[in-house]
Amino acid sequence: MSAKGQIVIPKAVRERMKWAQGDDLEIVETAGGLLLRPRTPRRETITLEEFRRRVPRHEGPAVSLEEMEKAIDEAMAERWKRKEADSR
């Protein structure tokens with residue numbers, strides 16, 4: 001660590017993480033030390049009225065809660081597969 005508290009991330013790690021100069025990173029304190037990760041952009045907050053204006057009303061058949069949960073599980077499993085494949 002430098003006198004200014006700066007640290008150097010080795011080039012191999014930066015390449016593996018696909019981090020480039022100017023990327024916005026955040027430091028999170030954990031029980032085991034520090035976690036360095038890309039900062040996620042803040043999401044826009046909108047009112048319920050604005051949400052209803054932006055999102056079209058569902059015109060199809062009714063969907064059960066079980067069907068929604070199954071679709072979410074399938075989408076998350078697919079996302080996890082893509083994330084694992086990208087990290088290789």
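How many nonpolar, polar and charged residues are in the lining of the second largest pocket? The lining has six nonpolar, no polar and no charged residues. The points below concern a predicted model.

1. The second largest pocket. This pocket has a volume of about 150 Å³. Its lining consists of Ile-7, Ile-9, Ile-27, Leu-34, Leu-35 and Leu-36. Strand E2, residues 33-38, gives the most to this lining, with three residues.

2. The largest pocket. About 280 Å³ of space lies in the largest pocket. Arg-16, Met-17, Lys-18, Trp-19, Pro-38, Lys-83, Asp-86 and Ser-87 line this pocket. By class, these residues divide into three nonpolar, one polar and four charged. Two helices, H1 (11-17) and H3 (65-86), each supply at least two residues of the lining.

3. Lys-18. One residue in the lining of the largest pocket, Lys-18, deserves separate attention for its backbone. Lys-18 is found in the loop between H1 and E1, and its phi is near 60°, a positive value in a residue other than glycine. Most residues other than glycine have a negative phi. Lys-18 has a relative accessible area of 63% and is therefore exposed, the threshold being over 50%.

4. The pairing of E1 and E2. Strands E1 and E2 run antiparallel and are joined by six bridges. The connection between E1 and E2 is a hairpin through two residues. Within this pairing, Glu-26 stands opposite Arg-37 in E2.

5. The surroundings of Glu-26. Glu-26 lies in strand E1, which covers residues 25-30. Is Glu-26 buried or exposed? Glu-26 has a relative accessible area of 16%, so this residue is buried, the limit being under 20%. With neighbours within four places in sequence left aside, Glu-26 is in contact with Leu-35, Leu-36, Arg-37, Pro-38 and Arg-39. Among these contacts of Glu-26, Leu-35 and Leu-36 also line the second largest pocket, whereas Pro-38 belongs to the lining of the largest pocket.

6. The salt bridge between Glu-26 and Arg-37. The closest N and O atoms of the salt bridge between Glu-26 and Arg-37 are 2.9 Å apart. The pair links distant parts of the chain, with Glu-26 in strand E1 and Arg-37 in strand E2, eleven residues apart. The partners fall in separate accessibility classes: Glu-26 is buried at 16%, while Arg-37, at 36% relative accessibility, counts as partly exposed. Both residues also take part in a network of salt bridges that links Asp-24, Glu-26, Arg-37 and Arg-39.

7. Salt bridges in helices. The count of salt bridges in the model comes to eight. One of the salt bridges joins Arg-53 and Glu-50, with the closest N and O atoms 2.5 Å apart. These two residues are three apart in helix H2, residues 48-54, and so are separated by about one helical turn. Arg-53 is exposed, with a relative accessible area of 63%, and Glu-50 counts as buried at 19% relative accessibility. The value for Glu-50 is 19% and the class requires under 20%, so this assignment should be read together with its number.

8. Lys-70 and Glu-74. The side chains of Lys-70 and Glu-74 meet in a salt bridge at 3.9 Å, N to O. The criterion is within 4 Å, so a pair at 3.9 Å is counted. Lys-70 and Glu-74 are four residues apart in helix H3, which means a separation of about one helical turn. Lys-70 counts as exposed at 53% relative accessibility, and Glu-74 counts as partly exposed at 47%.

9. Ala-71. Helix H3 also contains Ala-71. At 42% relative accessibility, Ala-71 counts as partly exposed, because this value lies between the limits of 20% and 50%. How far apart in space are Ala-71 and Thr-45, C-alpha to C-alpha? The two residues are 25 Å apart in space and 26 residues apart in sequence.

Methods. Residues are numbered from 1 along each chain as its sequence is written. This is a predicted model: local features need pLDDT of at least 70, side-chain atom pairs count only at pLDDT 80 or more; totals for chains, interfaces and linings use all residues. Side-chain values use heavy atoms; hydrogens and water are left out. On a 1 Å grid over the protein atoms alone, a cavity is a set of points where a 1.4 Å probe fits but cannot get out, and a pocket is an open set with protein on both sides within 12 Å along at least five of seven lines; lining residues have an atom within 4 Å of a point. Grid points are joined across faces, edges and corners, and a volume is the space filled by probe spheres set on the points. Ala, Val, Leu, Ile, Met, Phe, Trp, Tyr, Cys and Pro count as nonpolar, Asp, Glu, Lys and Arg as charged, and the others, Gly among them, as polar. Buried means under 20% relative accessible area, exposed over 50%, partly exposed in between (1.4 Å probe, protein chains only). Contact means heavy atoms within 4.5 Å. Two strands pair if DSSP finds at least two bridges between them.
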